[in-house]
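Let's take a walk through this model together. Keep the sequence beside the 3D view and follow along.

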Amino acid sequence: MYHWDFYAVLQSFDLFLWGMWATFLYTVGSIAFGIVIGLASCFARLSNYRLLRLVARVYQELFRCTPLLVQILWAYYALPMLLGINISNTTAGLMTLSLYVGSFYAEIFRGGILAVDRGQTEAALAVGMSGRQTMRHIIMPQAIKNMLPAFINQSVIQLKNTSLLYAISVAELTYMTSEVNAQTYRPLESYTLAGILYFAMLFPLTQIADHYERRMRRHD
Amino acid sequence: MTKPEAIAENSVISISGLTKTFGALTVLHGIDLTLTRGDVLGVIGPSGSGKSTLIRCLNMMEAPSGGTFHFRGKEVLPRFKGDGKKIGMGDLRRHVGMVFQHFNLFPHLSVLDNVTKGPRVVLDKSRAEAEAHAMDLLSQVGLAEKANFFPSQLSGGQKQRVAIARALAMDPDVLLLDEITSALDPELVGEVLTVVRRLANAGMTMILVTHEMGFAADVANRVIFMEAGRIAEEGSPEEILRNPKSERLKAFLSRFHG
Ligand SMILES: Nc1ncnc2c1ncn2[C@@H]1O[C@H](COP(=O)(O)OP(=O)(O)OP(=O)(O)O)[C@@H](O)[C@H]1O
Ligand SMILES: [Mg+2]
């Protein structure tokens with residue numbers, strides 16, 4: 001029977017805390033950028049301009065249909081060669097995560113907007129609202145409700161996806177765990193603790209999401 | 001046919017030679033129609049004859065493909081903003097209210113907010129002013145005590161009365177009503193028709209597309225019978241509904257025993 005001993009690992013708990021903090025920052029940062037990118041791409045795809053629609057579509061499909069790990073490695077190792085510039089691992093990491101989640105958000109936003117009944121737009125236009133006013137006062141409030149569960153779900157996945165930054169040595173939780181493991185030779189304790197910490201960050205989030213989803217259902 | 005210069009002072013809506021095509025399909029073949037203040041025009045006709053398309057052209061929910069369209073003597077432009085001489089779709093719609101078959105209430109807003117949203121967003125009215133007006137309208141349709149309810153908590157008849165109040169909140173010159181009782185359970189039709197009748201008595205200018213022949217005969221001062229995208233017969237309710245001339249109209253009416 002393996003003798004569990006967290007002592008050595010807990011000695012480096014500050015490293016775990018730093019890792020969690022970095023994971024949190026990459027998650028929040030990439031979600032923030034991802035929302036902006038996703039909104040832009042979503043409205044580009046809903047626009048009347050063919051070229052805009054095409055560009056957004058190409059972007060989305062590129063990022064949705066290639067593995068995130070390959071994107072991260074490409075942004076860090078290949079892109080600098082292609083452009084002849086230096087890109088730090090933090091920049092490459094944040095950029096890739098943002099573009100990746102943005103491509104999924106765009107579809108979530110678009111789906112939420114398209115799910116609003118056409119009659120809603122007509123009723124708003126019929127009282128004299130402009131397209132913009134209709135979007136803001138009538139469509140978006142309903143679309144946000146539609147898209148919230150999928151949005152939260154994607155954001156939960158996003159936090160887990162930050163662990164792939166390990167591959168380019170960004171000091172997030174997974175990378176820090178591997179550092180602790182290298183120092184202590186305690187893989188079982190190190191990676192178990194990492195799992196517990198990820199769980200501790202996400203479980204409350206999924207519970208809140210479920211709660212809101214149930215509450216929204218009741219209101220319909 | 002009405003020439004623009006000849007449009008009467010009190011004409012609200014005046015269209016001539018109005019056509020509408022969807023791709024290769026021509027749905028309206030040159031409609032001439034003038035609506036004067038206080039008119040209540042009943043529109044009847046078989047399914048697919050273009051009744052909805054016609055009234056949807058009158059608030060530019062569909063852009064006409066041809067013909068002329070004047071609102072209160074001003075030509076209507078197929079874009080949101082007008083200029084001094086011509087009126088845009090935005091302005092047109094402020095003055096032309098529409099009530100839909102399926103209510104289309106805003107589900108995320110309370111009854112009160114459904115009614116105040118247009119005046120507040122489009123007319124920049126203050127909340128207090130909009131709400132005072134809205135409460136007045138809600139009591140007129142008998143729903144003042146439901147002001148803080150949400151649409152999902154109302155019956156179909158109540159929803160449609162809220163939708164009427166929502167349209168009235170803009171103080172429209174004309175109300176377009178497209179089969180507003182046909183999605184309702186039979187026992188709920190009466191309460192909605194009562195509201196419409198009261199509006200007619202108060203002098204509201206209206207166009208109502210309806211299958212309720214008795215009701216049309218009652219409140220309308222003019223009825224048109226549409227068939228295949230044309231006005232096939234036109235006259236007083238008496239003439240159209242009680243003494244139809246054409247065989248087609250007779251056949252159509254015989255299905256209603258109206
Ligand atoms: N957006 C559209 N695209 C293509 N065809 C349309 C469209 N809207 C209406 N039509 C067609 O135009 C014709 C007239 O339709 P409309 O809805 O005006 O008829 P209606 O008289 O209101 O019929 P109903 O009594 O069934 O409501 C129909 O053949 C319909 O299929
Ligand atoms: Mg119709």
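Start with Val223(B): is this residue buried or exposed? Val223(B) counts as buried, because its relative accessible area is 0%, under the 20% cut-off. Bear in mind as you look that the model is predicted. Along the chain, Val223(B) sits in strand 9 of chain B, which covers residues 222-227. If you want a sense of distance, pick out Phe80(B) as well: 143 residues separate Val223(B) from Phe80(B) in sequence, and their C-alpha atoms are 31 Å apart in space.

Now widen the view to the sheet. Strand 9 is part of an open sheet of six strands in chain B, and the order across the sheet is 6-7-8-3-9-10. The pairing is mixed. Strands of a sheet pair through backbone hydrogen bonds, and they can do so either parallel or antiparallel. At the edges you'll find strand 6 and strand 10 (230-235) of chain B, each of which pairs on one side only. Going from one strand to the next, the twist averages 20 degrees.

For a parallel example, zoom in on strand 7 (residues 174-178) and strand 8 of chain B, which are joined by five bridges. One residue to click on here is Leu175(B), whose bridge partner in strand 8 is Met206(B).

Strand 8 turns up again when you look for empty space. How many cavities of 30 Å³ or more does the structure hold? There are three, and the largest has a volume of about 60 Å³. Its lining includes Leu177(B), Ile180(B), Leu193(B), Val196(B), Leu208(B) and Phe215(B). Helix 6 (186-201) and strand 8 (205-209) of chain B are the elements that give two or more residues to that lining. Sorted by class, the lining has seven nonpolar residues, two polar ones and one charged one; Glu179(B) is also in the lining, and glutamate counts as charged.

The second largest cavity holds about 40 Å³ of space, and both chains appear in its lining: Ala123(A), Ala126(A) and Val127(A) on one hand, and Gly97(B), Met98(B), Phe100(B), Ala163(B), Arg166(B) and Ala167(B) on the other. Three elements each supply at least two of these residues: helix 6 (118-126) of chain A, and strand 6 (96-99) and helix 5 (156-168) of chain B. Helix 5 of chain B gives the most, with three residues. By class, you get seven nonpolar residues, one polar and one charged.

Next, find helix 1 of chain B, residues 51-58. Seven of its eight residues are buried, so the helix is largely enclosed by the rest of the structure. The buried ones include Lys51(B) and Arg56(B) as well as Leu54(B), Ile55(B) and Leu58(B). Cys57(B), also in this helix, is buried because its relative accessibility is 1%. Just after the helix, Met60(B) takes a positive phi of about 60 degrees.

That brings us to the cysteines. A search of the whole structure turns up zero disulfides over all chains. Take Cys65(A): the nearest cysteine sulfur belongs to Cys42(A) and is 18 Å away, whereas a disulfide needs the two sulfurs within 2.5 Å. Unlike the buried Cys57(B), Cys65(A) is exposed, because its relative accessible area is 59%.

Key. Residues are numbered from 1 along each chain as its sequence is written. Chains are lettered from A and ligands numbered from 1 in the order in which they are written. This is a predicted model: local features need pLDDT of at least 70, side-chain atom pairs count only at pLDDT 80 or more; totals for chains, interfaces and linings use all residues. Side-chain values use heavy atoms; hydrogens and water are left out. Buried means under 20% relative accessible area, exposed over 50%, partly exposed in between (1.4 Å probe, protein chains only). On a 1 Å grid over the protein atoms alone, a cavity is a set of points where a 1.4 Å probe fits but cannot get out, and a pocket is an open set with protein on both sides within 12 Å along at least five of seven lines; lining residues have an atom within 4 Å of a point. Grid points are joined across faces, edges and corners, and a volume is the space filled by probe spheres set on the points. Helices (H or I, at least four residues) and strands (E, at least two) are DSSP runs, numbered from the N terminus. Two strands pair if DSSP finds at least two bridges between them. Axes are lines fitted to C-alpha atoms, for helices over the stretch in contact, and angles run from 0 to 180 degrees between N-to-C directions.
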